[in-house]
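Me: Could you take me through one part of this protein in detail? I'd like a close look at how a pair of helices packs together, and then a short tour of what else is there.

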Amino acid sequence: MRSGVEGGCQTVLRRPASSQKMLIRREPDLRRFEDGRLYFLGMRVIEDQPMNWQEKLETTRRFCEQDDSLENYFGTAEGAPIEFMAALRDRFPFVDDDYLSFLRVSDGASFDICTLFGSGCSRYRGVIVELESLADDLEDIPEWEDIATENQLIPIGKTAWGDGLLMMPDRQIVVIDYIHQIPGEGRTLARSFAELLGDVFMGPRFPTIVDPDQWTPDSENAWTHHLHQQGWWPEGNDK
């Protein structure tokens, strides 16, 4: 499922804050006056804005340029063809603008246990190919038989165990077991594509892809260590 790497650095653009809250930190306020001496004037409060998904993606790409520890956990591609994004908008008017923005910089990607689809022109599977494949595979299940013609959901990715990641008409992202669930029964993973990337794939809600109640220290790997190191998923916040 995962192969290849593009992007990232050991000295990275890092803001030690979670993607959930603004970090407030204190730094010494030092001033040098005319006598040449450095005076301590107290502590000043600094507010750090959390990184958005674009900044996190670029930071991880830069990290990987100098460190191969994420080789089997993270991968991106060149941007998708403009024609594909226009066609996607025409077919699915509800498509999230952030998903299109993502496709402009990476035509699919892999984030540890999840893969995002694109146009199919890169090494990542195409959204339309996936949609048509689902229509064939699930044609005997009435609730799924019109999936390829109704255009009411976009299969934007998959988990490592085969569950689908669907973008719904309200732009929420749900994870669903195609065999045992029908449309509408999926579990909401994020309220938007930006939230999926920033808070789930590259943030403190990463365990929710599986089930936070089943997350244990043994579940940690190079990807989760990267999230901890960047401050995007503070250690000790495992739920």
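Reply: Happy to; here is the helix pair, followed by the sheet and the cysteines. Please keep in mind that this is a predicted model.

Let's begin with the helices. Two packed helices are described by the angle between their axes and the distance between the axes. Here the pair is helix α2, residues 82-91, and helix α4, residues 127-137. Their axes come within 11 Å and cross at roughly 45°. Because angles under 35 degrees count as roughly parallel and 65 to 115 as roughly perpendicular, α2 is oblique to α4. On the α2 side, the contact is made by Phe84, Leu88 and Arg91, and on the α4 side by Val127, Ile128 and Leu131. By character, the residues of this contact divide into five nonpolar, no polar and one charged.

Now to the strands. Seven of them form an open sheet with antiparallel pairing, in the order β3-β4-β5-β6-β7-β8-β9. The edges are taken by β3 (74-75) and β9 (187-190); each has a single partner strand, so one side of each is left without a neighbour in the sheet. If you zoom in on the β9 edge, you will see strand β8 (residues 173-176) pairing with β9 in the antiparallel sense over three bridges. Val174 stands opposite Thr188 of β9 there.

Finally, a word on cysteines, which may interest you at the bench. The structure holds zero disulfides. Cys64 is buried, because its relative accessible area is 12%, under the 20% cut-off. Cys121, in contrast, counts as exposed at 62% relative accessibility, the cut-off there being over 50%.

Notes
Residues are numbered from 1 along each chain as its sequence is written. This is a predicted model: local features need pLDDT of at least 70, side-chain atom pairs count only at pLDDT 80 or more; totals for chains, interfaces and linings use all residues. Side-chain values use heavy atoms; hydrogens and water are left out. Axes are lines fitted to C-alpha atoms, for helices over the stretch in contact, and angles run from 0 to 180 degrees between N-to-C directions. Helices (H or I, at least four residues) and strands (E, at least two) are DSSP runs, numbered from the N terminus. Angles under 35 degrees count as roughly parallel, over 145 as roughly antiparallel, 65 to 115 as roughly perpendicular and the rest as oblique. Contact means heavy atoms within 4.5 Å. Ala, Val, Leu, Ile, Met, Phe, Trp, Tyr, Cys and Pro count as nonpolar, Asp, Glu, Lys and Arg as charged, and the others, Gly among them, as polar. A disulfide is a pair of cysteine sulfur atoms within 2.5 Å. Buried means under 20% relative accessible area, exposed over 50%, partly exposed in between (1.4 Å probe, protein chains only). Two strands pair if DSSP finds at least two bridges between them.
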